[in-house]
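Here are some short exercises to work through with the model open in your viewer. Try each task before you read its solution.

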Amino acid sequence: NDLYVLRYDENGAQVWGATPFDGGVLGDDVPMGVGFDIFGDVYVAGYTQGSGNLDMLLLRYSGTDGSLVWSATYNGSGDGDDLANSVAVGYSAVFVTGRSRTAAGNDDFYTIKYDLSGGTPVWERSWDGAASGDDVAVGVAVDPISGHVVVAGTSVAADGNHDFSAIRYDPDGNVLWEKTVARPLHDDHASKAVMNPSGHMYVAG
């Protein structure tokens, strides 16, 4: 499977169809999130088949004609499956988050800040939950007021005990706070996370 992006106008007429993205290996290229910047360009995050494993993928397309502006991939230290689940675009940077396999064999939240112009990584941050289990980020958003970045997802507290977790970073990638909703007798999985214009994050699952 290749990744395909279409643009439609308000009347449902197709404006353009981007050239299908093929990562170059006989594997799947899958989109998981899409966003756009103030210039109208489109950003698609997901994963692509690497050399036997999945890598995070971020693509920038021209909003005018659908041409590919740049692409970026990430293969983590564990050389395992790394998947981007969400993308958010700020005024001068784009953020992706998801999960990355560590050398120890577990998954951590993994968030990358890229510059808009060339897709160069500005910083990368991993986050490991209390039990060092498989922690998966499902959403990222940029606070329109402060420029802070909030990541949310599911962390492992113990076997059979998952919790909602969220981390707020400043624009330089410094952690401002971490929050986990601990419910020891419940198994809670976050599915979606969004932010309102006041910078409040909502997590559902």
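**Exercise 1.** In this predicted model, find how many bridges join β7 to strand β8, and say whether the two run parallel or antiparallel.

*Solution.* Start at β8, which covers residues 93–101. Six bridges join this strand to β7, and the two run antiparallel. For one concrete pair, take A84: its bridge partner in β8 is G98. As background, strands of a sheet pair through backbone hydrogen bonds, either parallel or antiparallel.

**Exercise 2.** Place β7 and β8 in their sheet: what is the strand order, and which strands are the edges?

*Solution.* Step one is the order: four strands make up an open sheet, β7-β8-β9-β10, with antiparallel pairing. Step two is the edges: β7 (83–89) and β10 (121–127) each pair on one side only. Step three is the twist, which averages 20° from one strand to the next.

**Exercise 3.** Now turn to the sheet that contains β11 and determine its order, its edge strands and the average angle by which neighbouring strands are turned.

*Solution.* The order is β11-β12-β13-β14 in an open sheet of four strands, paired in antiparallel fashion. Its edges are β11 (136–142) and β14 (175–181), each of which pairs on one side only. Ignoring direction, neighbouring strands here are turned by 20° against each other on average. To check one pairing, look at β11 and β12 (residues 149–158): six bridges join these antiparallel strands. V142 has V149 as its bridge partner in β12.

**Exercise 4.** Look at the backbone of D79 and of S132: what is the sign of phi in each, and are these residues buried or exposed, or in between?

*Solution.* Begin with the expectation: most residues other than glycine have a negative phi. D79 is not a glycine, yet its phi is positive, at about 50°. This residue is found in the loop between β6 (68–74) and β7. With a relative accessible area of 48%, D79 is partly exposed. S132 also calls for a look: its phi is near 50°, a positive value in a residue other than glycine. S132 lies in the loop between β10 and β11. Its relative accessible area is 40%, so S132 counts as partly exposed; the partly exposed class sits between the cut-offs of 20% and 50%.

**Exercise 5.** Describe the largest pocket: how much space lies in it, which residues are closest to its centre, and which strands each supply at least two residues of its lining?

*Solution.* First, the space is about 410 Å³. Next, 21 residues line this pocket, and A88, V89, G90, Y91 and V142 are the closest to its centre. Then the strands: β3 (29–36), β7, β8 and β11 each supply at least two lining residues. Finally, sort the lining by type: 14 residues are nonpolar, four polar and three charged.

**Exercise 6.** Repeat the analysis for the second largest pocket: what is its volume, and how does its lining divide by residue type?

*Solution.* The volume is about 180 Å³. Residues that line this pocket include M32, G33, N85, V138 and K192. β3, β7, β11 and β15 (192–195) each contribute at least two residues to the lining. By type, the lining divides into six nonpolar, five polar and one charged.

Key. Residues numbered from 1 in each chain as written. Predicted model: local features only at pLDDT ≥ 70, side-chain atom pairs only at ≥ 80, totals over all residues. Heavy atoms only, no water. Pairing = 2+ DSSP bridges. Axes fitted to C-alpha atoms, helices over the stretch in contact; angles between N-to-C directions. Buried < 20%, exposed > 50% of the residue type's maximum accessible area, 1.4 Å probe, protein only. 1 Å grid on protein atoms, 1.4 Å probe; cavity = no way out; pocket = protein on both sides within 12 Å on 5 of 7 lines; lining within 4 Å. Points joined across faces, edges and corners; volume = space filled by probe spheres on them. Nonpolar A, V, L, I, M, F, W, Y, C, P; charged D, E, K, R; others polar.
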